[in-house]
Each structure stands twice: as C-alpha cells, then as structure tokens.
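This report walks through one protein model, from its interior outward to its local backbone details. Please keep the sequence and the structure in view while reading.

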Amino acid sequence: MTKLSNRVLDMEESVTLAASARAKALKAQGRDILSLTLGEPDFVTPKNIQDAAIEAIQNGKASFYTVASGLPELKVAISDYMEKFYGYAVPANEIVVGTGAKFILYAFFATVLNPGDEVIIPTPCWVSYVDQVKMVDGVPVTFQTTEANDFKATVKQLEAARTDRTKVLLLNSPSNPTGMIYSKDELQAIGDWAVEHNILILADDIYGRLVYNGNEFTAISGLSEAIRKQTIVVNGVSKTYAMTGWRVGFAVGNPEIIAGIAKIISQTTSNLTAVSQYAAIEALTGDQSSIEVMRQAFEERLNTIYPLLNEVPGFEVIKPQGAFYLFPNVKKAMEMKGYTDVTEFTNAILEEAEVALVTGAGFGAPENVRLSYATDLDTLKEAVRRLKAFMEK
Ligand SMILES: Cc1ncc(COP(=O)(O)O)c(C=O)c1O
C-alpha cells in the first residue's frame, strides 16, 4: 500500500516556495544568486508592533488559547479597519481571524464546497488557489485572461465559465502575479453578475493597500448591499505591515460561512497564535506612518525597475498598478534563446544569469515569469543588468 493519499500525491508544491528553496540551496553552495522569488516585504515588522507583541508575552496575555475565531479586541480593530477602508463596519460574528490569509482561504473552501462544486478562477492567478480547491474535492474552473485586457476577467468570460455547479468566483485585486487592479465599473459589472446568478465572491484583497502611482483599490464588497452580502473578504497584515512571519489572516462576511471557518479552525489550529493576535491589534490600530514609508519604497522600486526591465531584449511587461510583482511576457525572449518551456527558461536564467525568478507555469501563464520587487534597489538593478546580459549573449 502506498503511504500517501491521492490528495497529497495530486497536489503541486507551491512554485514560489520551491523556486525560493532552489535559490537558497544554490546560494548555500557558494553561488552568487540574486533571488526575486518570494512575495514578502524585505522590511522587518515595525517597532511599535514588535513592542506590543513583547508586552503581550511579558504580561502573560499571550500565554493562553484564545477564542477560536479570534480575540474580541482584534475583531473590533478589524471592524474599524473595514469601516475606514471599505466604508462599512461589521459585527463580531461576521469576522474570523486565522493562521494567515492562506489558511483562511483553505478553510473557506472547506466550508462552502461540496465535492464537485466549482470555483471560477481567472488566470494568471496565485499559485495556491487551484490546489486548495482540489484539496477539498472542489473543481477549479480556470480560463486565461488576456494581456490586451490587462489580465482582467470580463463578464463575458465569466459567463462562459459558469455552469449550474458554479459556487464561487475568486477575485484577487491587486493581483498576484500581474499587479493589475480591477476598476470600479469592472467590479460593479462582475458583482452584479455574481448576485444575479447567486455565486459567492471570494475577494482576496491582501494587496489592497499596496497601490502605486495614483492607482486606487476598489473593494467589490463596498459597491452595493447585495454584492456585500454575496462576498467574503479575505485580508491580512502580512504584506501591508511586513508581517508575513506572524501568520495573521482574516475573513469578513456572511455569518454562517464565518462560523463554518471558525469551526474548522477550532478543529485544526485551535486559534491563531495569541501573540500574533496582539501584534495585529497594534498593526491595525497603532501608528500607521511606517506603512506609508514601505509603500513608497515599493513604488520607487517599481518606477525604477520597470523601464529597465522593458529594455531587456524579448521581455514585454505591462506596468503593474499594485502588489509587488512584475510579470513580463517572455515569449520572444524564449524564442531568441531557443526555449519552448517557460520553466526550463527560468531554470536557465537561474543557472546562467544567477537570477532566481518564478516560472509563470505555476500561475497558469506559460509565457510569463514573475519577479518580485520586494527587495532592495541595488539587488533589483543588478538582477535586471544580469538578465539583459543573459539575453544579449
Ligand atoms: C494573493 C495572495 N493571497 C493570499 C496570500 C497569503 O497571505 P498570508 O501570508 O496572509 O497567508 C498571498 C501570499 O503570498 C497572496 O499572494
């Protein structure tokens, strides 16, 4: 008998984590690898948040289990945050806190999907959605968005993907990996379509505060009462507050679904680590000035590196509006170098140029690679210089 379940055998490892591990392994062998793989800020968690966590440990508050769905004080902080950035406050029974937005997403799928239920996922998309849906026996229904439409899904495409098993539409704006943001009108049309067909919207808004050059994030859940009732918002502090290691995520929406997610938490992780909950309270309610400093740093990097990347032969890239990724189309670059497979091309860049990128294949984009610009400007400039030299060789 094989030791492993089909569930695990069928599952893909996260390509971003795999690419980062590969870069680290080569570095450990003494190679001078520049890694642009991981989607996490290179800043440490702001001091006021660190201090709040230390205090919670030292005064004993962080020693104990909390309510499975999260500390009441944290829910108040999240409700205030929603009021400020989404335009509506929420009662405590519409909020659940968990171990990273990633686990919250998994618990959401486990809460709403029966075997065979379909989730529409426009691609390119973040690597984990498809596997998470499969893990709970749901069916991911993916389709390609076009670069001509800035990688955004249209209602026409959604309608073509809809069946009588469609239960959820997944929307991620700003998007990982494309960095594109849906406009208010686009979201209104999509929201109305979802309401008309009674499809739940899962709005992964994790990059909502990381927007640049005057672009704005619109929350689909804030567009109308009907859309809000149909939407579960997933968000967290990882990206905005440089807190990836603390693993704080939350969901806001329909109380029955929220209670389902809390039930799963109660039977799996019990609760988000108490000290992280105290840190998150400070993140959401404390001094916000460091957040803007980090956002501006990302913006500066984007504005510096985007024109340089466009000069790399065979790389064609749309300027992202948010998140911290560039997602160039490398079809021409692959042709120039004699590759047909983007993963092999990415591996060649790693071996020969010593720059670690993430293959677009894991995001459902066989002609693209992803570069994270959540790293310092000198590294970014040198990485792009190496890419250019690689292509010109
Ligand atoms: C689109 C998207 N959603 C969710 C997450 C998960 O974030 P967290 O660190 O809160 O688990 C990520 C992290 O890479 C992401 O890119």
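How many residues has the largest nonpolar core, and which of them have the most contacts inside it?

## The nonpolar core

In this predicted model, the largest nonpolar core has 122 residues, and those with the most contacts inside it are Phe-108, Leu-202, Val-234, Ala-251, Ile-261 and Val-355. Helix 5, which spans residues 100–112, gives the largest share of this core, namely 8 residues. Because domain 1 (6–44 + 289–392) and domain 2 (47–285) both give residues to this core, it lies between them.

Phe-108 illustrates how the core is connected: leaving aside its neighbours within four places in sequence, Phe-108 is in contact with Leu-202, Ile-232, Val-234, Ala-251 and Ile-261.

## Overall build of the chain

The protein chain has 15 helices and 12 strands, and its C-alpha atoms fill a box of roughly 60 × 55 × 55 Å along the principal axes. For 393 residues, a compact globule would have a radius of gyration near 21 Å, and the protein chain, with 21 Å, agrees with that expectation.

Of the 393 residues, 49% count as buried. Among contacts in the protein chain with a separation of 6 or more, 73% are made by residues 24 or more positions apart.

## Two domains and the side where they touch

The domain assignment divides the protein chain into domain 1 (6–44 + 289–392) and domain 2 (47–285), and the C-alpha centres of domain 1 and domain 2 lie 25 Å apart. Across the boundary, 34 residues of domain 1 are in contact with 32 residues of domain 2.

On the side of domain 1 that touches domain 2, helix 1 (6–10), helix 2 (15–28) and helix 12 (289–310) each supply at least two residues, and the largest share, 6 residues, comes from helix 12. By class, this side of domain 1 has 17 nonpolar, 10 polar and 7 charged residues.

## Surroundings of the ligand

Of the 13 residues around the ligand, Gly-100, Ala-101, Lys-102, Gly-236 and Ser-238 come nearest. Helix 5, which also gives the largest share of the nonpolar core, gives the most to the shell around the ligand, with 3 residues. The residues of that shell divide into 3 nonpolar, 8 polar and 2 charged.

## Backbone details in the loops

Most residues other than glycine have a negative phi, and most peptide bonds are trans. Against this background, a few places in the loops deserve a separate look.

A cis peptide bond joins Thr-123 and Pro-124, with omega about 0°, and Pro-124 is found in the loop between strand 3 (118–123) and helix 6 (128–135). The peptide bond from Ser-173 to Pro-174 is also cis, with omega near -5°, and Pro-174 lies in the loop between strand 5 (166–172) and helix 8 (184–196).

Asp-150, in the loop between strand 4 (139–144) and helix 7 (155–161), has a phi near 55°, a positive value in a residue other than glycine. Asp-150 counts as partly exposed because it has 19 C-beta neighbours inside 10 Å, whereas a buried residue would need 20 or more. Glu-354, in the loop between helix 14 (342–353) and strand 10 (355–356), likewise has a positive phi, near 55°; with 19 other C-beta atoms within 10 Å, Glu-354 is partly exposed.

Terms used
Residues numbered from 1 in each chain as written. Predicted model: local features only at pLDDT ≥ 70, side-chain atom pairs only at ≥ 80, totals over all residues. Core = buried A, V, L, I, M, F, W, Y, C linked by C-beta atoms within 7 Å. Buried ≥ 20, exposed ≤ 12 C-beta atoms within 10 Å, placed from the backbone. Helix = DSSP H or I, 4+ residues; strand = E, 2+ residues; numbered from the N terminus. Domains from an automatic or database assignment. Contact = placed C-beta atoms within 7 Å. Near = placed C-beta within 6 Å. Nonpolar A, V, L, I, M, F, W, Y, C, P; charged D, E, K, R; others polar. Rg over C-alpha atoms; globule rule 2.2 N^0.38 Å.
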